[in-house]
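Open the model in your viewer and keep the selection tool ready. Each stop below says what to select and what is there.

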Amino acid sequence: MYDKKSKFIMNNYSYKVEVLTPVNIGTGQKIMNFELASTNRGVYVLNIQKIAEENIDIINKINDLLLNDDNATFAIQRLLENKKLRVAKYSKYSLKNYNIKELHRLRNIIEFVKTAGYPFIPGSSIKGVVMKELISTNSLFEQVRDIMRQIASDKDETKSKKFKLETEKLFRKILGDPKHSFGRFIRFSDTNPVSPDNLHVASVKIMAINEEQQLKYKKEDYKYKKGDYKYKRGDYSNSPEEALDIFYEVLPPGVTLEGTFSLLSNEYLNRLSSFSQDYDEFSWIKSKSALFQLFNGDLLMNIIKKIKNNVKEYIEKEKQIFSKVSGGSKYLKFLLDIEKKNNQLGDGEILIRLGSSTGFLSKSIIKNPKEVVDLLRNFMRGKVYNYEFPKTRKVIIKENGDFEQLGWVKISFLQQRRETVY
């Protein structure tokens, strides 16, 4: 008989992440534009504390910059240069320029997560994307849609809160409670940290589709003064040159990182499946849900196959949308390149998108958003457009004019060994 206190067996692997397009795993913090100094190849990130400690006479000017939301780019650099001080002496590290044509336009940079100053990819970031892919099925989408319909007809004002609570119940039913969740049996370590010398700064544009199926780019919001400062929403332009720049600290293509990965062994999975009295705790074993299809055969290979198929489906949907959009040829070219890479993967390899601004479609379990676009208005902030949802994509436009999406990586699962875990 199955003993609830018995050990469970995990198969352990090493994994390698290869960055295919610039990746940002954000900290939630920004590097402020006055903290930057320009170089021939990019920018320095300045050590403000060191500058203040060694240059007491400019502390008040630095404080003014810290308190002023409207500060100028490279402002502290100019203070140092006026004192004829060497800027490099006061830098923490430098960022190479990935695709920014005019560095003077550089503003606050969305920071990459680091440990002791060294960038890495958290295992939780990879696991979150993988788990989303595993439970993303048409069946689950239909259940979420039914919840939306039920709550949308409610007159209560707290629809978003109710939607969150009801979907959490649904996921718990599928995955199990936290103690017995399938998520406990799929584990990614953080990757090794890499040198900050790998970091670049990249400009990202917001690309949109209008009602006439034309490609547009969001222009910058701006302030105007009439009594108090107020913001005016930016318009959309035909030209990416006039578009808003969002700046990210990124790991560029070609960087590789490594970590370890553990997955429930098929042997232990079969042992659990043999004892029906435990099904109430391990609900994901008994349910004919999104996860059930993974348990017939080699679990890792089924997970890899599932993710490859999801990526294929995502790319196909994007191709269908942008084949009808005027000006979308370069974005289509990029999608075709990713499609080719996905088709050429080996048995132990997957493509996924990680980190900041990787898009609604690639992160959501709502596989057919057009079917629920009217319902989404009840639960989402901002505008939801009938003619195309989601309306916008964030893209990198390279110096040669080619497009990239943020966040594409290839993950390869390598050697295996078995370990017993309590």
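**First stop: S362**

Select S362 and show its surroundings: leaving aside residues up to four places away in sequence, S362 touches K132, E133, Y314 and R353. This is a predicted model, and the positions you see are to be read with that in mind. S362 belongs to helix α11, residues 360-363. Is S362 buried or exposed? Its relative accessibility is 12%, under the 20% limit, so S362 counts as buried. Now add G359 to the selection. The backbone oxygen of G359 lies 3.2 Å from a polar atom of the S362 side chain.

**The whole chain**

Zoom out and colour by secondary structure. The chain has twelve helices and 20 strands. Of its 422 residues, 51% count as buried. Among contacts with a separation of 6 or more, 79% are between residues 24 or more positions apart.

Next, colour by pLDDT. The mean for the chain is 86, and 89% of the residues reach 70 or more. Where is confidence lowest, and where is it highest? The lowest mean, 50, is in strand β13 (residues 228-232), and the highest, 98, is in strand β8 (residues 118-119). Where pLDDT is low, the predicted coordinates should not be read in detail.

**Strand β11 and its partners**

Select residues 215-218, which make up strand β11. Side chains leave this strand in two directions: L215 and Y217 point one way, K216 and K218 the other, and all of them are buried.

Add strand β10, residues 200-209. β10 and β11 pair in the antiparallel sense over three bridges. To see one pairing, pick A208, whose bridge partner in β11 is K216. The hairpin of β10 and β11 has five residues between the strands, and in it Q213 takes a positive phi near 60 degrees.

Then add strand β14, residues 236-237. It runs antiparallel to β11, and two bridges join them. Opposite K218 stands Y236 of β14.

Stay with K218, which lies in strand β11. Its relative accessible area is 9%, below the 20% cut-off, so K218 counts as buried. Draw a distance from its C-alpha atom to that of A208: the two are ten residues apart along the chain and separated by 7.2 Å.

**Charges over rings**

Keep Y236 selected and add K391. K391 lies over the face of Y236, at 4.9 Å from the ring centre. For another case, select R184 and F185. Here the charged end of R184 sits over the ring of F185, 5.6 Å from its centre.

**Aromatic rings**

Finally, show the aromatic side chains. How many aromatic pairs are there? The count comes to eight. One of them is Y15 with F188, an edge-to-face pair with 5.4 Å from centre to centre and 80 degrees between the planes. Y15 is in strand β1 (residues 8-19) and F188 in strand β9 (residues 186-188), so this pair ties together parts that are 173 residues apart in sequence.

Both rings can be checked for exposure. Y15 is buried, with a relative accessible area of 0%. F188 also counts as buried, at 11% relative accessibility.

To end the tour, extend the selection to Y13, F261 and F413. Together with Y15 and F188, these residues form one aromatic cluster.

Conventions. Residues numbered from 1 in each chain as written. Heavy atoms only, no water. pLDDT = per-residue confidence, 0-100. Helix = DSSP H or I, 4+ residues; strand = E, 2+ residues; numbered from the N terminus. Phe/Tyr/Trp six-rings, centres within 6.5 Å; stacked < 30°, edge-to-face > 60°. Buried < 20%, exposed > 50% of the residue type's maximum accessible area, 1.4 Å probe, protein only. Lys NZ or Arg CZ within 6 Å of the ring centre and 35° of its normal. Pairing = 2+ DSSP bridges. Polar contact = N/O pair within 3.5 Å; in protein donor to acceptor, adjacent residues only side chain to side chain. Contact = heavy atoms within 4.5 Å.
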